[in-house]
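Q: Please take a close look at one helix in this model and explain how it sits against the rest of the chain.

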Amino acid sequence: MGTQSDLRFGALAVKNGFASETDVDFALDTQRDSAGEGTAPMLGEILLDMGSLTPEKVNALLVEQNGL
(Lines give C-alpha, C1' and ligand atoms only; values in the text may rest on other atoms or scores of the structure.)
Protein backbone atom coordinates (compact mmCIF):
# COMPACT_ATOMS: atom_id res chain seq x y z
CA MET A 1 0.00 0.00 0.00
CA GLY A 2 1.08 3.63 -0.34
CA THR A 3 3.05 5.46 2.27
CA GLN A 4 1.36 7.40 5.05
CA SER A 5 2.12 10.56 3.07
CA ASP A 6 0.42 9.15 -0.04
CA LEU A 7 -2.63 8.07 1.94
CA ARG A 8 -2.92 11.55 3.43
CA PHE A 9 -2.51 13.13 -0.03
CA GLY A 10 -5.25 10.89 -1.40
CA ALA A 11 -7.56 11.68 1.52
CA LEU A 12 -7.03 15.40 0.98
CA ALA A 13 -7.74 15.04 -2.75
CA VAL A 14 -11.06 13.36 -1.95
CA LYS A 15 -11.93 15.78 0.87
CA ASN A 16 -11.36 18.77 -1.41
CA GLY A 17 -13.45 17.21 -4.17
CA PHE A 18 -10.47 17.04 -6.54
CA ALA A 19 -10.60 13.26 -7.05
CA SER A 20 -12.97 10.43 -6.30
CA GLU A 21 -12.20 7.65 -3.84
CA THR A 22 -12.23 5.29 -6.82
CA ASP A 23 -9.55 7.36 -8.58
CA VAL A 24 -7.38 7.44 -5.45
CA ASP A 25 -7.78 3.69 -4.87
CA PHE A 26 -6.83 3.00 -8.49
CA ALA A 27 -3.82 5.32 -8.21
CA LEU A 28 -2.68 3.60 -4.99
CA ASP A 29 -2.99 0.21 -6.70
CA THR A 30 -1.01 1.52 -9.66
CA GLN A 31 1.64 2.87 -7.31
CA ARG A 32 1.88 -0.45 -5.45
CA ASP A 33 2.10 -2.39 -8.71
CA SER A 34 4.92 -0.19 -10.03
CA ALA A 35 6.90 -0.36 -6.76
CA GLY A 36 8.41 -3.66 -7.87
CA GLU A 37 9.83 -1.98 -10.95
CA GLY A 38 11.99 0.43 -8.97
CA THR A 39 10.97 3.75 -7.51
CA ALA A 40 7.20 4.10 -7.48
CA PRO A 41 5.81 7.41 -8.73
CA MET A 42 4.23 9.79 -6.25
CA LEU A 43 0.47 9.54 -5.90
CA GLY A 44 0.00 13.07 -7.22
CA GLU A 45 1.95 12.19 -10.37
CA ILE A 46 -0.28 9.18 -11.01
CA LEU A 47 -3.47 11.18 -10.47
CA LEU A 48 -2.09 13.89 -12.76
CA ASP A 49 -1.31 11.33 -15.48
CA MET A 50 -4.83 9.89 -15.05
CA GLY A 51 -6.30 13.34 -15.64
CA SER A 52 -7.92 13.37 -12.20
CA LEU A 53 -5.82 16.31 -11.01
CA THR A 54 -4.35 19.39 -12.63
CA PRO A 55 -0.85 20.62 -11.76
CA GLU A 56 -2.45 23.47 -9.81
CA LYS A 57 -4.53 21.05 -7.73
CA VAL A 58 -1.48 18.87 -7.03
CA ASN A 59 0.39 21.96 -5.81
CA ALA A 60 -2.55 23.08 -3.65
CA LEU A 61 -2.78 19.63 -2.07
CA LEU A 62 0.96 19.53 -1.40
CA VAL A 63 0.78 22.92 0.33
CA GLU A 64 -2.17 21.74 2.43
CA GLN A 65 -0.48 18.43 3.19
CA ASN A 66 2.74 20.10 4.33
CA GLY A 67 0.74 22.41 6.58
CA LEU A 68 -0.72 19.49 8.57
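A: What follows is a description of one helix, its neighbour and the core they share in. The model is a predicted one.

The part in question is helix H3, residues 43-50. Its buried residues are Leu43, Gly44, Ile46 and Leu47. Seen down the axis of H3, these buried residues fall within an arc of 160°, so they line one face of the helix. A general point about helices helps here: an α-helix has 3.6 residues a turn, so residues three or four places apart point the same way.

One partner of H3 is helix H2, residues 21-35. The two axes come within 9 Å and cross at roughly 115°, and the crossing is right-handed. On the H3 side, the residues that meet H2 are Leu43, Ile46, Leu47 and Met50. H2 brings Asp23, Val24, Phe26, Ala27, Leu28, Thr30 and Gln31 to the contact. By class, this contact has eight nonpolar residues, two polar and one charged.

H3 also takes part in the largest nonpolar core, which has 13 residues. Those that touch the most other members are Phe9, Val24, Leu43, Leu47, Leu53 and Leu61. Helix H1 (4-15), H2, H3 and helix H4 (55-66) each give two or more residues to this core.

Phe9 touches Leu43, Gly44 and Leu47, and its other contacts are Leu53, Val58, Leu61, Leu62 and Gln65, leaving out residues up to four places away in sequence. In general, nonpolar side chains in soluble globular proteins tend to be buried together.

Finally, H3 is followed by Gly51, which has a positive phi, near 85°.

Notes. Residues numbered from 1 in each chain as written. Predicted model: local features only at pLDDT ≥ 70, side-chain atom pairs only at ≥ 80, totals over all residues. Heavy atoms only, no water. Axes fitted to C-alpha atoms, helices over the stretch in contact; angles between N-to-C directions. Helix = DSSP H or I, 4+ residues; strand = E, 2+ residues; numbered from the N terminus. Left-handed = near helix turned anticlockwise from the far one by under 90°. Contact = heavy atoms within 4.5 Å. Nonpolar A, V, L, I, M, F, W, Y, C, P; charged D, E, K, R; others polar. Core = buried A, V, L, I, M, F, W, Y, C linked by side-chain atoms within 4.5 Å. Buried < 20%, exposed > 50% of the residue type's maximum accessible area, 1.4 Å probe, protein only. Arc of directions from axis to C-beta.
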